[in-house]
Amino acid sequence: MAHNAGAHHDADATKKEVVRITTYLTILTLVELAIGFYMYKADLPEGFFRHFLKGVIVILMLWKAFYIVAYFMHLKHEVKNLIMTIVVPLFLFIWFIIAFLYDGASYKNLRNTYDPYHKEQSQIKMEPSEHGAHGAHGTEAQKEGALD
Amino acid sequence: MAQAVPTGQKLWGGGKSPFNVEYGKIMMWYFLMSDAFTFGAFLISYGTIRFATNGWPDPNHVFNSFPGLGSGFPLLFVSLMTFILIISSVTMVLAVHAGHRNDKKGVVKNLILTIIGGAAFLACQAWEWTHLYHEGAWWGSNPFPNADGTQATANFSNFFFTITGFHGFHVFSGVIINIIMLIMTLNGVFERRGHYLMIEKAGLYWHFVDLVWVFVFTCFYLI
């Protein structure tokens, strides 16, 4: 009888945790979507506030990732050394992301500085074409593998 | 909150798992690490190209259709897809918990729900791809203009289809694995073994698929 009660309590406790984490994930997702929708509705211009909101969305995304990995994948309850073999290599991503995005931005700035034709070309407005035109290509021919 | 190990116990002396976890589970974790770096590389290359490009389409003006409702509903369809995948992850957690209790019926029920969720997500993704294709988008072809009205690069659709394609393929293989798990459960394989650890490993893969979607959906639809 006592064992049954214990087992029942365990099942209840785990079910409670599942509901709790699911609720957190749902709330975080809804907030992300609300911010995304706001950025669309308010038609925010490119600037600090827009980038700040994108940063908030990224933080919320990482928060969700933590919940999924720690609770759904149970990593939080594993042996500390196992947790570290998973988490420590992921710190490589911090360098990876910063280095590559910085490099991309640098490429863009250098190209705009030293290739005025490229900068001009990217400022030509498109002819408004019919929505749904299948296989419609723009005014400039696309070379395969071209960066732009 | 990590698992406690009694002091003085020789962790690396052999004969037992130093991580207190079976070999197959550790290997699944390490496979997921490698897959995480693969998807990470894809998404970071997407970010690099996007940062290196002067103009880019606004996702809310590209992805704004809902089946049956037409266009003008940004973020709605992708929200549905995200919730479907999150709920399928929840049912997978419940399947694993049922396995801990050796509750075969519970495992079967929750595996079926997870499979349905995965199949629903694939159907949604197929609809999204078909819809975009009919608007003229495909590898090498991008009909959508940049946010500022200028001519956009085909990289937009190239990256979208490639990365969501890889993710969709992982969802597909996850659904197949879950179906195999279901058949094995129904045949009493785990009942005879005395444990449902295989379901846990399949669960890790399924949660990973959900996790990748969290990142993919944020990168392509939100930021």
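This tour moves through a predicted model of two chains, one selection at a time.

**Stop 1: chain B as a whole**

Select chain B and colour by secondary structure. Seven helices and two strands appear. Trace the chain from its N terminus, and the order reads α-α-β-β-α-α-α-α-α. Along the principal axes, the C-alpha trace spans about 65 × 40 × 30 Å.

Now colour chain B by burial. Of its 223 residues, 42% count as buried. Then look at how sequence separation plays out in chain B. Take the contacts between residues at least 6 apart in sequence: 68% of them join residues at least 24 apart.

**Stop 2: chain A and its domains**

Switch to chain A. Colour residues 2–78 as domain 1 and residues 91–124 as domain 2. The C-alpha centres of these two domains of chain A are 32 Å apart.

Next, go to Asp43(A). Asp43(A) sits in the loop that links helix 1 to helix 2 of chain A. Check its backbone: phi is positive, at about 50°, though Asp43(A) is not a glycine. Is Asp43(A) buried or exposed? Asp43(A) is exposed, because its C-beta has 8 others within 10 Å.

**Stop 3: where the chains touch**

Show both chains and select the contact between them. Chain A brings 58 residues and chain B brings 52. On the chain A side, four helices each supply at least two residues: helix 1 (2–41), helix 2 (48–72), helix 3 (80–90) and helix 4 (92–114). Which of them gives the most? Helix 1 of chain A does, with 11 residues. Colour the chain A side by residue type, and the split is 31 nonpolar, 16 polar and 11 charged.

**Stop 4: one helix pair across the contact**

Isolate helix 2 of chain A and helix 7 of chain B, residues 197–222. Their axes come within 10 Å and cross at roughly 175°. An angle over 145 degrees counts as roughly antiparallel, so that is how helix 2 of chain A runs relative to helix 7 of chain B.

Turn on side chains for this pair. From helix 2 of chain A, select Ile57(A), Met61(A), Lys64(A), Ala65(A), Ile68(A), Val69(A) and Phe72(A). They meet His207(B), Asp210(B), Leu211(B), Val214(B), Phe215(B), Thr218(B) and Leu222(B) of helix 7 of chain B. By type, the residues of this helix-to-helix contact are 10 nonpolar, two polar and two charged.

**Stop 5: the largest nonpolar core**

Keep Phe215(B) selected. Phe215(B) is also among the residues that touch the most other members of the largest nonpolar core, which has 65 residues. Add the others in that group: Val78(B), Ala95(B), Ile199(B), Val212(B), Trp213(B) and Val216(B).

Which elements give two or more residues to this core? From chain A, helix 1 and helix 2 do. From chain B, the list is helix 1 (23–52), helix 3 (76–100), helix 4 (104–134), helix 5 (155–186) and helix 7. Helix 7 of chain B has the largest share, 16 residues.

Centre on Val78(B). Leaving out residues up to four places away in sequence, Val78(B) touches Phe63(B), Phe217(B) and Tyr221(B).

**Stop 6: Leu75(B)**

Move to the loop between strand 2 (70–71) and helix 3 of chain B, where Leu75(B) lies. Leu75(B) has a positive phi of about 70° and is not a glycine. Leu75(B) counts as buried, because 22 C-beta neighbours fall inside 10 Å.

**Stop 7: Asn178(B)**

Jump to helix 5 of chain B and pick Asn178(B). Asn178(B) counts as buried, because 25 C-beta neighbours lie inside 10 Å. What does Asn178(B) touch, not counting residues up to four places away in sequence? Select Leu111(B), Thr114(B), Ile115(B), Gly118(B), Ala202(B) and Trp206(B). Then draw a distance to Ile112(B): 66 residues separate it from Asn178(B) along the chain, and their C-alpha atoms are 8.4 Å apart.

**Stop 8: Ser141(B)**

Finish in the loop between helix 4 and helix 5 of chain B, at Ser141(B). Ser141(B) is partly exposed, because 16 other C-beta atoms lie within 10 Å. Draw one last distance, to Asn158(B). Ser141(B) and Asn158(B) are 17 residues apart in sequence and 7.9 Å apart from C-alpha to C-alpha.

Notes:
Residues are numbered from 1 along each chain as its sequence is written. Chains are lettered from A and ligands numbered from 1 in the order in which they are written. This is a predicted model: local features need pLDDT of at least 70, side-chain atom pairs count only at pLDDT 80 or more; totals for chains, interfaces and linings use all residues. Two residues are in contact if their C-beta atoms, placed from the backbone, lie within 7 Å. Ala, Val, Leu, Ile, Met, Phe, Trp, Tyr, Cys and Pro count as nonpolar, Asp, Glu, Lys and Arg as charged, and the others, Gly among them, as polar. Domain bounds come from an automatic or database domain assignment. Axes are lines fitted to C-alpha atoms, for helices over the stretch in contact, and angles run from 0 to 180 degrees between N-to-C directions. Angles under 35 degrees count as roughly parallel, over 145 as roughly antiparallel, 65 to 115 as roughly perpendicular and the rest as oblique. A nonpolar core is a set of buried Ala, Val, Leu, Ile, Met, Phe, Trp, Tyr and Cys residues joined through C-beta atoms within 7 Å. A residue is buried if 20 or more other C-beta atoms lie within 10 Å of its own, exposed if 12 or fewer, and partly exposed in between; C-beta atoms are placed from the backbone.
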